[in-house]
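I opened this entry to record what I looked up in the structure, beginning with the chain as a whole and ending at the ligand.

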Amino acid sequence: MSAKIRLYVDHPLGAGQSVPLDRGQAHYLFGVMRQPVGAQVALFNGRDGEWLAEVARAGKRDGELICVAQSRPLQMPPDLWLCFAPIKKARTDFIVEKAAEMGAARIVPVMTEFTNAGRVQTDRLQAHAVEAAEQCGGTYVPEVAEAVRFDRLLDGWDSTRHLMFCDEALAAGGGSALPEARGPWAILIGPEGGFSEKERERLARLEAAVAVRLGPRILRADTAAVAAMTLWQQALGDWG
Ligand code: SAH
């Protein structure tokens with residue numbers, strides 16, 4: 001038996017566990033989705049897997065669910081970060097949504113030299129990641145990190161984390177496949193203006209970085225993000 005509605009809650013889940021609903025959740029479940037007392041809903045919190053829960057109390061501003069049984073174990077994505085330069089709002093939202101669906105563990109907005117997006121609203125992006133996890137059946141929600149400057153990101157780079165540097169300068173040339181290196185990884189996607197020469201030099205000096213080509217055409221950043229995650233998941237991730 002599986003419930004149609006999936007809801008992310010920031011609350012422990014377990015047999016018999018009562019889960020209080022906040023105003024937004026109560027409005028969604030009872031006002032919008034018209035769920036009565038006794039209806040079943042699937043809950044996940046990113047830690048305890050997915051639980052089937054029953055509506056015990058349905059109020060206008062709050063409510064309560066009781067967990068019945070676990071319907072899915074926690075499935076962690078591989079240790080893959082998606083680092084990307086934020087672009088226009090709707091396209092940035094798209095990248096975050098796709099990263100959650102594709103199985104990124106962490107999403108990191110990076111301010112590069114040619115990034116011309118305004119302030120990044122981490123909360124809004126995090127909400128998009130939650131929504132994507134709710135609809136794609138994920139039991140884990142990737143964390144959206146605070147935006148970080150390119151230099152600072154590389155200054156503190158953990159040398160054991162491989163970096164798949166998607167370099168548009170390789171589009172015209174050839175070669176450069178993804179190496180079969182296991183362990184933690186990150187993908188790096190540049191902005192509409194691409195990477196600067198300075199940034200390219202800096203990445204060339206980073207031992208963990210490998211420049212990768214995403215075919216002979218220049219992709220838009222949002223397309224490139226999805227293409228890179230596909231390539232990585234197929235070669236090294238959990239698609240096999
Ligand atoms: N304005 C730049 C293109 C930027 S595309 C130019 O015309 O050169 C945005 C980002 O997508 C790039 O920084 C890169 O990370 C990625 N990308 C797009 N096409 C790519 C390709 N063929 N190979 C590798 N990365 C690519």
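The notes below follow the order in which I looked things up.

**Entry 1, the chain.** I am working from a predicted model, and I began with its overall make-up. I find 6 helices and 12 strands in the chain, and its C-alpha trace spans about 60 × 35 × 30 Å along the principal axes. Of the 240 residues, 47% are buried. I note an accessible surface of about 12100 Å² for the chain, with carbon and sulfur atoms accounting for 51% of it. Among contacts with a separation of 6 or more, I see that 71% join residues 24 or more positions apart.

**Entry 2, the nonpolar cores.** I looked next at where the nonpolar residues gather, keeping in mind that in soluble globular proteins nonpolar side chains tend to be buried together. The largest nonpolar core has 35 residues, and I list Leu82, Met164, Trp185, Ile187, Ile189 and Trp232 as those with the most contacts inside it. At least two residues of this core come from each of the strands E6 (80-84), E10 (162-166), E11 (185-189) and E12 (209-212), and likewise from each of the helices H2 (89-102), H3 (122-136) and H6 (221-236). Helix H6 gives the most, with 7 residues.

I then followed Met164 outward, leaving aside residues up to four places away in sequence, and found that its contacts include Trp185, Ala186, Ile187 and Leu188, as well as Val210, Val212 and Leu214. Met164 also touches Leu178, Ala228, Leu231 and Trp232. A second core, separate from the one above, has 19 residues, including Phe150, Leu188, Phe195 and Leu206.

**Entry 3, the ligand.** Which of the residues around the ligand come nearest to it? I count 20 residues around the ligand, and those that come nearest are Cys166, Glu168, Glu192, Leu214 and Arg217. By class, the shell divides into 11 nonpolar, 4 polar and 5 charged residues.

I wrote down three polar distances at the ligand. In the side chain of Glu168, an N or O atom is 2.7 Å from an oxygen atom of the ligand. The backbone of Gly190 places an N or O atom 3.0 Å from a ligand oxygen atom, while a nitrogen atom of the ligand lies 2.9 Å from a backbone N or O atom of Leu219. Taken alone, the ligand exposes 560 Å², and I record that the protein buries 84% of that area.

How values were computed:
Residues are numbered from 1 along each chain as its sequence is written. This is a predicted model: local features need pLDDT of at least 70, side-chain atom pairs count only at pLDDT 80 or more; totals for chains, interfaces and linings use all residues. Side-chain values use heavy atoms; hydrogens and water are left out. A residue is near a molecule or strand if one of its heavy atoms lies within 4 Å of it. A polar contact is a pair of N or O atoms within 3.5 Å; within protein, one must be able to donate a hydrogen and the other to accept it, and residues adjacent in sequence count only if both atoms are side-chain atoms. Accessible areas come from the Shrake-Rupley method with a 1.4 Å probe; for residues, only the protein chains shown count as cover. Ala, Val, Leu, Ile, Met, Phe, Trp, Tyr, Cys and Pro count as nonpolar, Asp, Glu, Lys and Arg as charged, and the others, Gly among them, as polar. A nonpolar core is a set of buried Ala, Val, Leu, Ile, Met, Phe, Trp, Tyr and Cys residues joined through side-chain atoms within 4.5 Å. Buried means under 20% relative accessible area, exposed over 50%, partly exposed in between (1.4 Å probe, protein chains only). Helices (H or I, at least four residues) and strands (E, at least two) are DSSP runs, numbered from the N terminus. Contact means heavy atoms within 4.5 Å.
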